Amino acid sequence: MERPFPVVDFQKLCEQEELNKLREACEKCGCFRIINHHVPVTLMTDMKSVAKSLHELPPEIKRRNTSVIPDSGYVPPIKTSPLYEGLGIYDMHVTPQALYDFCSHLNVSSHQRQILEAYGEAIHGLASGISQKMAESLGVVGADFEDWPFIFRIIKYNFSPENIGSLGVQPHSDTGFITLLQDDEKVGGLETMDDSGSYVAVPPLSGSFLCIIGDVGHAWSNGRFYNVKHRVICKETTTRFSFGAFMLASRDSNVDAPKDLVDPGHPRLFHPFKYEDLRMFRISTGKRTGEVLDQFRITA
């Protein structure tokens, strides 16, 4: 089953009508497509070629992509997620050494490095820009997301005939503010949970990015933005790629709703918390969906 997903025109977000559409998508759906963005289609195509090339490397080479924070580097297929495999670079927009280390450890060519650098800069700019517009849709003016750390992640799903109907990744919500994905334009499998608790397919759309709101986005918005649960399921016997920015949380401050979003009709829902505490609680408990926020919820 597929559902029509909200589509947001990035070039029209200076108009109130499009801003209202963005807010509605964030509040009701928790995800939306972004079209008419500034990332060149040629760069998106080049990045997919790089992603395929990197995942063709031997496992012993890919393991050199070590993590800075948990799961920010190479994640091999494991018993609980045998179809998932990922490479990652943490904080590459702030720390040039991060990209240098990634490229040197994986023997990346100079041409591939140029593509990674250009794509990383472009998608970080888009993630920051859409986050700012999300804040503006709630009336929060001047919010700055430029310095927020993100993980650039390159994901491969190893689908084969015996995997049809199997989960590529378990149902979960993302921990960060937003995830901005260039998902596979030909291979489906991504599904989100609707209001009834059923999973519905996210149809691919070439040339677009998919924005998914995470747990930090839900807490930062004082519960207004919906941290949607999603999963990937194998529906066809071909390899599936997705990659993009996993924008986490403010670098130097707690996750906390801006004062503009707290009033008598909207009391504060969560105590301020550090992103690291949310992430470590999720790792230690094995909880993968938004219930990890319950530990920070303010009770009457």
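In the predicted model, Leu 190 of strand 7 has Val 232 as its bridge partner in strand 10. Strand 7 and strand 10 run antiparallel and are joined by three bridges. Strand 7 also pairs with strand 8 (residues 199-201), again in the antiparallel sense and over three bridges. Within this second pairing, Thr 192 stands opposite Val 200 of strand 8. The connection between strand 7 and strand 8 is a hairpin with five residues between the two strands, and Gly 197 in the turn adopts a positive phi of about 90°. Neither face of strand 7 is left uncovered: Leu 190 and Thr 192 on one side, and Glu 191 and Met 193 on the other, are all buried.

Glu 191 also takes part in a salt bridge, its side chain meeting that of Lys 235 at 2.9 Å, N to O. Because Lys 235 belongs to the loop between strand 10 (230-233) and strand 11 (240-247), whereas Glu 191 belongs to strand 7 (residues 190-193), the pair ties together parts that are 44 residues apart in sequence. The two partners differ in their exposure: Glu 191 has a relative accessibility of 7% and counts as buried, whereas Lys 235 is partly exposed, with a relative accessible area of 41%.

In total, 14 salt bridges are counted. Among them is a pair within helix 1, in which the side chains of Glu 27 and Arg 23 meet at 2.8 Å, N to O. These two residues are four positions apart in helix 1, about one turn of the helix. Both partners are partly exposed, Glu 27 with a relative accessible area of 28% and Arg 23 with a relative accessibility of 30%. A further salt bridge joins the side chains of Asp 294 and Arg 297 at 3.5 Å, N to O. Asp 294 is partly exposed at 44% relative accessibility, and Arg 297 is likewise partly exposed, with a relative accessible area of 33%. Salt bridges also link Lys 48, Asp 184 and Glu 185 in a network.

The dimensions of helix 1 (residues 16-29) agree with expectation: at 1.5 Å a residue its 14 residues should span 20 Å, and its end C-alpha atoms are 19 Å apart. Its buried residues are Glu 18, Leu 19, Leu 22, Ala 25, Cys 26 and Cys 29. These residues lie on the same side of helix 1, because they cover an arc of only 140° around the axis. On the other side of the helix, Gln 16, Glu 17 and Lys 28 are exposed. The buried residues of helix 1 pack against strand 1 (7-9), strand 2, helix 5 (110-137) and strand 9 (209-213). Just after helix 1, Gly 30 has a positive phi of about 80°.

Positive phi values also occur at residues that are not glycine. Most residues other than glycine have a negative phi. Asn 36, with phi near 50°, has a positive value and is placed in the loop between strand 2 (31-35) and helix 2 (41-55). Asp 91 likewise has a positive phi, of about 65°, without being a glycine. This residue is found in the loop between strand 3 (84-90) and helix 4 (96-105). The two sites differ in accessibility: Asn 36 is partly exposed, with a relative accessible area of 43%, whereas Asp 91 is buried, with a relative accessible area of 6%.

His 55 is located in helix 2. At 3% relative accessibility, this histidine counts as buried, the cut-off being under 20%. When neighbours within four places in sequence are left aside, the contacts of His 55 are Lys 62, Glu 85, Gly 86, Leu 87, Ile 154, Ile 155, Lys 156 and Phe 241.

For residues 147-250, an unreviewed UniProt entry lists "domain: Fe2OG dioxygenase". Over residues 147-250 the chain is 6% helix and 41% strand, and the end C-alpha atoms are 8 Å apart.

Notes. Residues are numbered from 1 along each chain as its sequence is written. This is a predicted model: local features need pLDDT of at least 70, side-chain atom pairs count only at pLDDT 80 or more; totals for chains, interfaces and linings use all residues. Side-chain values use heavy atoms; hydrogens and water are left out. Buried means under 20% relative accessible area, exposed over 50%, partly exposed in between (1.4 Å probe, protein chains only). The expected span of a helix is 1.5 Å times one less than its number of residues. The arc is that of the directions from the helix axis to the C-beta atoms. Contact means heavy atoms within 4.5 Å. UniProt positions are given in the numbering used here, feature names are shortened, and annotations may be inferred rather than shown by experiment. A salt bridge is a side-chain nitrogen of Lys or Arg within 4 Å of a carboxyl oxygen of Asp or Glu. Two strands pair if DSSP finds at least two bridges between them.
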